[in-house]
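Could you walk me through this structure, starting with how far to trust it and then moving inward? I would like to follow it on screen as we go.

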Amino acid sequence: MGILDLPRGGPSGYPGSRLIAEGVTVRFGGVSALSGVDLELGQSEIVGLIGPNGAGKTTLVNVLTGFQRPTQGKVELDGLDLRSDKPFQLAARGISRTFQAGRLFRRLTVRENLEVAGFHTGCTRRQARETADRLLEELDLTAFAGSTAGSLNYGHERRVGIGRALATKPKFVLMDEPASGMNDAECEELVACIAGIPAQFGCGVLLIEHNMKVILNACERIQVMDGGKRIAMGKPKAIITDARVRAAYFGTRHATAAGGNGIH
Ligand SMILES: Nc1ncnc2c1ncn2[C@@H]1O[C@H](COP(=O)(O)OP(=O)(O)OP(=O)(O)O)[C@@H](O)[C@H]1O
Ligand SMILES: [Mg+2]
C-alpha cells in the first residue's frame with residue numbers, strides 16, 4: 001500500500017483513529033470543572049494540554065478514559081459513543097493513561113509491572129513477556145528489569161508508568177504530568193521517550209504538563225484551558241505568544257500558577 005492509500009482520519013489529515021471530546025461539561029455539585037470543552041487527538045500526533053491549577057485538565061482526561069461521566073457533551077472514538085464505557089472497556093478499545101501520582105506495583109520488578117499490564121489485554125504469558133521485553137528495550141529500561149519498582153528514581157518510575165500504559169497496545173495514551181518532580185536531565189530523557197511514541201508504537205499522545213520546556217519540545221499542537229474552558233489551541237509558537245494564554249498564567253487570578261515551570 002502506498003502512502004496515498006493510507007486511511008486518513010486524523011485532525012491534520014494523518015492516518016489512523018481519532019479521539020474527540022465535544023462540548024464536554026462536568027459539574028461537581030455547584031462546581032463546573034469543565035464547561036463545553038472540545039478536544040481532538042489523532043493517532044499519530046502528540047498534543048499538549050496545559051493550563052493553571054484547577055483548569056480541568058485531569059477532569060478532561062478522566063472523561064476520556066471513563067473515570068468520570070460527563071454531565072453533558074460527546075466523547076467519541078472514530079464516531080463511536082464512549083460515554084457509558086467503563087475504564088477497562090476504554091482500555092480494551094485502545095485508550096490508555098498514566099496517572100498524576102504513580103500507580104506502580106512497588107514490590108514487583110519493572111519487568112513484572114510491564115507483564116501484568118500486558119495480561120489485561122488478554123494475551124498469553126509468552127506474549128506479555130515479549131511485549132515487556134520490547135518495552136524494556138525501547139524505553140531504555142533493560143538495566144532495571146529486575147529492580148523493584150519501589151527502588152526507582154522519579155525518571156525511571158515515570159518511564160515504567162508509560163511502559164505500563166503502552167503494554168496494553170493502545171491507540172492513544174493520555175499522560176497526566178509525567179515530568180512532575182523530575183530534574184532537567186530526566187525531563188530531557190522523558191521528552192525523547194515521548195517524542196518517539198507515535199512512530200515506535202503507532203500511538204497518539206495527550207500530554208498534560210506544567211513544565212513548558214517539556215510541552216514545547218514534545219508537542220505539535222497545544223490546547224490551553226483555564227477555569228474549565230478551552231481558551232486556545234494551536235502550534236507551540238502561536239500559543240506562547242497568545243494574549244489569552246499569557247493572561248491565564250500571569251493574570252491576577254493565577255499569579256502564582258506560572259511560577260517555577262510555568263510559561264516564561
Ligand atoms: N471529584 C471532584 N469533586 C469536586 N470537585 C472536583 C473533583 N475533581 C476536580 N474537582 C474540581 O474541578 C476543577 C478542575 O480540577 P482538575 O483536577 O481537573 O484540574 P487540573 O487542571 O488537573 O489541575 P492541576 O493542574 O492542579 O492538576 C477544580 O476546581 C477541582 O477542585
Ligand atoms: Mg491535574
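Over residues 1–14 the pLDDT stays under 50, and the model has 25 contacts beyond four places in sequence for this stretch. Residues 254–262 likewise stay under 50, with 17 contacts beyond four places in sequence. Keep in mind that this is a predicted model. For the chain, the mean pLDDT is 87, and 88% of the residues reach 70 or more.

Now turn to the strands, beginning with β8, which covers residues 204–208. Five of its five residues are buried, so the strand is mostly covered. Its side chains can be sorted by direction: G204, L206 and I208 point one way, V205 and L207 point the other way, and all are buried. Strand β8 also has pairing partners. With β3 (residues 46–50) it pairs in the parallel sense over four bridges, and L207 is the bridge partner of G48. With β7 (residues 172–176) the pairing is again parallel, over five bridges, and here D176 stands opposite I208.

Next, find ligand 1. Which residues surround ligand 1? They are F28, V31, A33, G51, N53, G54, A55, G56, K57, T58 and T59. Two elements, β2 (31–42) and α1 (57–64), each supply at least two residues of this shell, and α1 gives the most, with three. By character, the shell divides into four nonpolar residues, six polar and one charged.

One of the shell residues, G56, leads us to a distant part of the chain. G228 sits in the loop between β9 (221–226) and β10 (229–234). Although G228 and G56 are 172 residues apart along the chain, their C-alpha atoms are separated by 5.0 Å. Beyond its neighbours within four places in sequence, G228 is in contact with S32, A33, L34, S35 and G56. Is G228 buried or exposed? It counts as buried because it has 22 C-beta neighbours inside 10 Å, and the cut-off for that label is 20 or more.

Finally, look at helix α3, residues 110–119. Why can this helix be called largely enclosed by the rest of the structure? Because seven of its 10 residues are buried. Those seven are V110, R111, N113, L114, E115, A117 and G118. They pack against two other helices, α4 (125–138) and α5 (154–166).

Note on methods. Residues are numbered from 1 along each chain as its sequence is written. Chains are lettered from A and ligands numbered from 1 in the order in which they are written. This is a predicted model: local features need pLDDT of at least 70, side-chain atom pairs count only at pLDDT 80 or more; totals for chains, interfaces and linings use all residues. A residue is buried if 20 or more other C-beta atoms lie within 10 Å of its own, exposed if 12 or fewer, and partly exposed in between; C-beta atoms are placed from the backbone. Two residues are in contact if their C-beta atoms, placed from the backbone, lie within 7 Å. A residue is near a molecule or strand if its C-beta atom, placed from the backbone, lies within 6 Å of it. Ala, Val, Leu, Ile, Met, Phe, Trp, Tyr, Cys and Pro count as nonpolar, Asp, Glu, Lys and Arg as charged, and the others, Gly among them, as polar. pLDDT is the predictor's confidence in each residue, from 0 to 100. Two strands pair if DSSP finds at least two bridges between them.
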